[in-house]
Amino acid sequence: MEKIHILTDSSSDIPHELVEAHGIEIVPIMLTHEGRSFREYYDITSEDYCRLLETSSEIPGTAMTTPTVFLESYNRAFERGCTHLLAVLINGGGSGTYQAACLAKSMFEEEQGEGKMTIEVIDSKTYTYIYGHIVVKAAEMREQGESFDAIVSVVKSRLNRVEAYLGVYSLGRISGGAAFVGEALGLKPISHVYDGAVKVCDKVRGEKALVAGMSKKVSARVVQPDKQTAILLYGNVPAERLDEMEKRLRTEIGFRDVERVAIGPSVLTNTGPLAMAVAYYGTPRD
């Protein structure tokens, strides 16, 4: 009988109550600031981190999880009698965490022998709860008695269809003249988070235009919104902007439901605290 262990890194931004309810292991990404180190998920909340970003003149740094940490996790699962392990991780193009997990898999197989425990390491090619909610789905399938192969198939299928639009209210993470000119003109960038890349696809003028612009882009790409729950991700964004976005997602686009989840520290380090995103399912990629 299969005994399946599921893990992800802390950048998946899965809320604590879901982690505990579904028995998901969270491997922390390390944050450094002014000589101090924090474990994302365990040592600092998104709210506290937003305050740190807004009050500090120094931008914190992040460090990938090492192969040793993953190897220790694999060995613990093996010692508990797990026959299969699934790891779904942050975009390998933006972090070395995925490569570290793959290296740890090779190290485990060298130590224990191939076939002792089936390990599947998946590059989500995205960030935050955009993939975190798919990890939760995998855990729910495990609880329902689904096979490891079925779980992996659903995870890969969903990762192949999920995408998001990211809006940033401040250009503080963009250096040089572009940020100065953009802020002076009130320009707010909208980026498409898609297939391992985050590309600016539009710029709008004003905070109200950002919500409307993001909604319009989601509407153009989403598939069967009435059968989906939109994921509304946020940093330190005013509540009225989140409410407006949720209203548009429900009434204008017609999503079945909207789930709000805070963006975690490692992603906010790169976007800045004034970020908001909407994740949804589009058409499968080739």
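Q: Helices (H or I, at least four residues) and strands (E, at least two) are DSSP runs, numbered from the N terminus; where does that leave Ser 56?
A: In neither kind of run: Ser 56 sits in the loop between helix H2 (46-55) and strand E5 (61-63). One caution up front: this is a predicted model, where local features need pLDDT of at least 70 and side-chain atom pairs count only at pLDDT 80 or more, while totals for chains, interfaces and linings use all residues. Residues are numbered from 1 along each chain as its sequence is written, and side-chain values use heavy atoms, with hydrogens and water left out.

Q: What makes Ser 56 buried or exposed?
A: Buried means under 20% relative accessible area, exposed over 50%, and partly exposed in between (1.4 Å probe, protein chains only). Ser 56 comes in at 19%, so it counts as buried.

Q: Which residues does Ser 56 touch, leaving out those up to four places away in sequence?
A: His 33 and Glu 34, where contact means heavy atoms within 4.5 Å. Along the chain, His 33 is 23 residues from Ser 56, yet their C-alpha atoms are separated by 9.3 Å.

Q: Why is the chain called as compact as a globular protein of its length?
A: Its radius of gyration (taken over C-alpha atoms) is set against the globule rule, 2.2 Å times the number of residues to the power 0.38. The chain has 19 Å, close to the 19 Å that the rule gives for 286 residues, so it earns the label. Its C-alpha trace spans about 60 × 50 × 35 Å along the principal axes, and the chain holds 10 helices and 13 strands.

Q: How do you know how many contacts join residues far apart in sequence?
A: Take contacts between residues at least 6 apart in sequence: 75% of them join residues at least 24 apart.

Q: What makes a set of residues a nonpolar core, and which members of the largest one touch the most others?
A: The set has to be buried Ala, Val, Leu, Ile, Met, Phe, Trp, Tyr and Cys residues joined through side-chain atoms within 4.5 Å. In the largest core, which has 47 residues, Leu 86, Val 155 and Leu 233 touch the most other members. Helix H5 (residues 129-143) supplies the largest share, 9 residues. There's also a second, separate core of 21 residues, with Ile 190, Val 211, Leu 232 and Tyr 280 among them.

Q: What surrounds Leu 86, not counting residues up to four places away in sequence?
A: Its contacts include Ile 6, Leu 7, Ile 122, Ala 138, Phe 148 and Val 155, and also His 5 and Glu 120.

Q: Why is Ala 279 called buried?
A: Its relative accessible area is 1%, so it meets the cut-off and is buried. Ala 279 lies in strand E13 (residues 275-281). Beyond neighbours within four places in sequence, Ala 279 is in contact with Ile 130, Glu 163, Ala 164, Ala 230 and Ile 231. The C-alpha atom of Tyr 131, 148 residues away along the chain, is separated from that of Ala 279 by 9.4 Å.

Q: What makes the phi of Asp 13 and Thr 128 worth a look?
A: Most residues other than glycine have a negative phi. Asp 13, not a glycine, has a positive phi of about 55°, and Thr 128 has one near 50°. Asp 13 is in the loop between strand E1 (4-9) and helix H1 (16-22), and Thr 128 is in the loop between strand E7 (118-123) and H5.

Q: Why are Asp 13 and Thr 128 classed as they are for burial?
A: Asp 13 has 9% relative accessibility, so it counts as buried. Thr 128 is at 4%, so it is buried too.
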